[in-house]
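Me: Here's one I'd like to go through slowly with you. Pick a single charged side chain, look closely at its helix, and then work outwards into whatever packs around there.

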Amino acid sequence: SIASQSSARFTGSSHRSNNSLPKTTMLSIICGVRLQSPEESLLDIVKQILDCGCDPNKALLKDSGGGGGESKHPDPNSIGCIGTALASACSAGNLDLVQFLVLECNVPVNVDGGGDLPLLYAAAAGHTEMVRFLLSMGADPSKLSNACKWYPLFAACLRGHLQVAKLLREYGASLNTKNPHDGATPFFAACLANDAELVSWMIENGADVISPRLEDMATPLMA
């Protein structure tokens, strides 16, 4: 299984001195592994790493290999940007790890470790129950990610995650908040996703259907 392979890799690296991965790197990588079966879990491996003295609040800074330049349209699901263990687990959909890190390790849900935002990662990936858990633990649906300059609702709409969008709005996210770097709205993102059901729901709930994206003055109808 993927979990057993990950465990073997961790065990092997922990026995190497000069060439072993830093604990923070290993923890973020393990938490970001996408499992194939709901019966699999990486929790025991994560506990082993933490027992070795790793701080779950530290961020992993990892070059995406894109030449170091800032992407015009950054991707919050890219592991090649900046990540904490919590953000990696949110992106991968590992709810048990997220619950453990928040409830047992007291990792703050609104942590902006190096620029990432756990709720945005979960929203972008469409993990509805994880988004629900983070919100119930106090995650701010209106908090901007310093890494990609997106709000969680924008990320959810861009990928057509209607249920996540409804949940974020229920907890106070505005349908008309504009991204600071380009002025794009969640409705603009929904149009880009070409999701008719999501677009209809947003119109019915008062979304701004006119405001253009400032970088090129494109309107939602042009998306």
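**A salt bridge, its helix and the core**

Reply: R132 is partly exposed, with a relative accessible area of 35%. Keep in mind that this is a predicted model. The side chain of R132 meets that of E129 in a salt bridge, at 3.3 Å from N to O. A single salt bridge is what the structure holds, so there's no hunting for a second one. The partner, E129, counts as partly exposed too, at 48% relative accessibility. The two residues sit three apart in helix α7 (residues 128-136), so about one helical turn separates E129 from R132.

Now for the nonpolar side of things. The largest nonpolar core has 62 residues, and among those with the most contacts inside it are V131 and L134. V98, L168 and M202 are on that list as well. Helix α6 (residues 118-125) gives the most to this core, with six residues.

L134 is a good one to follow. Skipping its neighbours within four places in sequence, L134 is in contact with P118, L119 and A122, among others. C90, V98, V109 and A139 are also contacts of L134.

Take C90 from that set and you land in helix α4. In α4, residues 85-92, eight of the eight residues are buried, so the helix is largely enclosed by the rest of the structure. Going along α4, the buried residues are A85, L86, A87, S88, A89, C90, S91 and A92. After α4 comes G93, with a positive phi near 85°. C90 itself has a relative accessible area of 0%, so it is buried.

What about disulfides? The structure holds zero of them. C90 is in no disulfide, and the nearest cysteine sulfur, that of C31, is 9.7 Å away. C31 is in no disulfide either: its nearest cysteine sulfur belongs to C54, 8.7 Å away. A pair would need its sulfurs within 2.5 Å. C31 counts as buried, at 0% relative accessibility.

Moving on to the aromatics, a search of the whole structure turns up one aromatic pair. W150 and F154 make up that pair, with 5.3 Å from centre to centre and 55° between the planes, which puts it in the tilted class. Both rings belong to buried residues: W150 has 6% relative accessibility, and F154 has 4%.

Have a look at N179 while you're there, since its contacts include W150 and F154. Leaving out residues up to four places away in sequence, N179 also touches K149, Y151 and A184. N179 lies in the loop between α9 and α10 (186-193), and it is buried, with a relative accessible area of 2%.

One last stop, in α9. E170 belongs to this helix, which covers residues 162-170. Is E170 buried or exposed? At 61% relative accessibility, E170 counts as exposed. E170 and P141 are 29 residues apart in sequence, yet their C-alpha atoms are 9.6 Å apart in space.

To pull it together: the salt bridge joins E129 and R132, which are both in α7. L134 has C90 among its contacts, and C90 is one of the buried residues of α4.

Definitions and conventions
Residues numbered from 1 in each chain as written. Predicted model: local features only at pLDDT ≥ 70, side-chain atom pairs only at ≥ 80, totals over all residues. Heavy atoms only, no water. Buried < 20%, exposed > 50% of the residue type's maximum accessible area, 1.4 Å probe, protein only. Phe/Tyr/Trp six-rings, centres within 6.5 Å; stacked < 30°, edge-to-face > 60°. Helix = DSSP H or I, 4+ residues; strand = E, 2+ residues; numbered from the N terminus. Salt bridge = Lys/Arg side-chain N within 4 Å of Asp/Glu carboxyl O. Core = buried A, V, L, I, M, F, W, Y, C linked by side-chain atoms within 4.5 Å. Contact = heavy atoms within 4.5 Å.
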